[in-house]
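User: I am new to this structure and would like to be walked through one part of it, step by step.

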Amino acid sequence: MAETNPLFQLSTAPYTQLPGFTRTFRQGELTVGLSLPIEANAEESPQDSLENQVRLVRMAEDAGFAAVWVRDIPLRVETFGDVGQVWDPWMYLSYLAAHTSRIALGTAAIVVPFQHPLLMAKRAATLDRLSGGRFLFGIATGDRPEEFPAFGQDRGTRGDVMAEHLRVYREALTTSYRPIRWSGGKMGGSDVVPKPCAREVPLLATGSLQQTMEWRAEHTHGWLMYHKGLDVQKVNVRNWNASVEALGGGWKPFAESLWLDIHPDPDAPAEGHTFGYRLGRNALIRLLRAQREIGVSHVMVNFRISDRSAEEQMEEFATHVLPAITPAG
């Protein structure tokens with residue numbers, strides 16, 4: 001008997017038609033998103049800052065920023081010096097989904113080895129459904145050594161665990177009642193629901209995933225990287241595009257994270273900073289245009305290194321920078 005509940009039905013729609021993907025990734029263009037928390041020290045008093053973070057996210061949505069991104073930081077590691085993200089990413093993005101309507105909601109990225117693959121599938125599809133197809137699922141293998149023994153994991157095998165968990169995740173969301181076996185368990189006579197809005201939730205590799213470029217090109221729908229100089233990033237984009245094309249053509253986006261401190265002087269030159277730059281808006285416009293030219297599709301901006309308020313920089317970005325890098329019409 002045909003399945004009648006749409007939450008249980010397998011969709012044939014491509015992920016490229018989902019509103020989160022189309023808002024964030026368009027071939028030949030460059031969009032800008034924001035990394036959360038948007039302002040410095042927000043994680044020091046998360047309960048007090050949550051209302052303000054939501055206000056800033058809504059401001060970003062109205063201003064034309066494409067997406068907001070959260071990190072998955074399972075534990076507060078004493079020696080790391082960066083809390084990064086206090087809130088659980090699944091719950092935080094669900095909360096933001098209820099307080100927004102258009103902006104894409106991304107993870108950069110969920111630490112897959114620490115996730116049960118079936119629960120990961122259910123959470124990803126749930127967030128995809130609750131947000132109306134705005135979820136962008138960035139994944140990673142994790143990089144904080146202290147976390148691996150806490151979760152009973154061997155850091156040296158995290159790439160293999162991630163690949164296996166991803167296989168199970170994908171099978172659970174793209175099939176119904178099909179038995180699945182893996183080293184950590186088996187599923188039979190049962191099914192993971194809901195199913196996603198499209199055939200798949202857009203899946204983005206963050207970093208190398210301890211895999212080859214060819215593997216990432218085949219098994220994910222885009223690549224998120226740390227900021228590199230233009231010359232290095234140009235090579236990364238070229239190699240990524242070549243790997244995607246070798247699979248039979250098509251296009252998959254390349255994105256990067258970028259820490260920014262926008263100087264009050266619009267003409268201030270760019271100076272190197274932590275994972276990014278301190279620079280005036282005119283130099284920033286030139287940088288973003290150059291990134292667009294080499295094939296970067298999306299830049300995740302982080303304002304937490306700046307002495308200026310995030311809100312002030314967002315307003316300058318929306319008023320002067322976004323119009324200068326957005327195609328007319």
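The questions and answers below follow one helix and the strand after it.

Analyst: This is a predicted model, in which local features need pLDDT of at least 70 and side-chain atom pairs count only at pLDDT 80 or more, while totals for chains, interfaces and linings use all residues. Residues are numbered from 1 along each chain as its sequence is written, and side-chain values use heavy atoms, with hydrogens and water left out.

User: How far does helix 9 reach from its first C-alpha to its last?

Analyst: Helices (H or I, at least four residues) and strands (E, at least two) are DSSP runs, numbered from the N terminus. Helix 9 covers residues 281-294, which is 14 residues. The expected span is 1.5 Å times one less than the number of residues, and the expected 20 Å is close to the reach of helix 9, which is 20 Å.

User: Which residue follows helix 9?

Analyst: The residue after helix 9 has a positive phi, near 105°. That residue is Gly 295.

User: How many residues of strand 12 are buried?

Analyst: Buried means under 20% relative accessible area, with exposed over 50% and partly exposed in between (1.4 Å probe, protein chains only). On one side of strand 12, His 298, Met 300 and Asn 302 are buried, and on the other side Val 299 and Val 301 are buried. The number of buried residues in strand 12 is therefore five of five.

User: In strand 12, which residue is the bridge partner of Trp 259?

Analyst: Two strands pair if DSSP finds at least two bridges between them, and strand 9 pairs with strand 12 in the parallel sense over five bridges. In strand 12, the bridge partner of Trp 259 is Asn 302.
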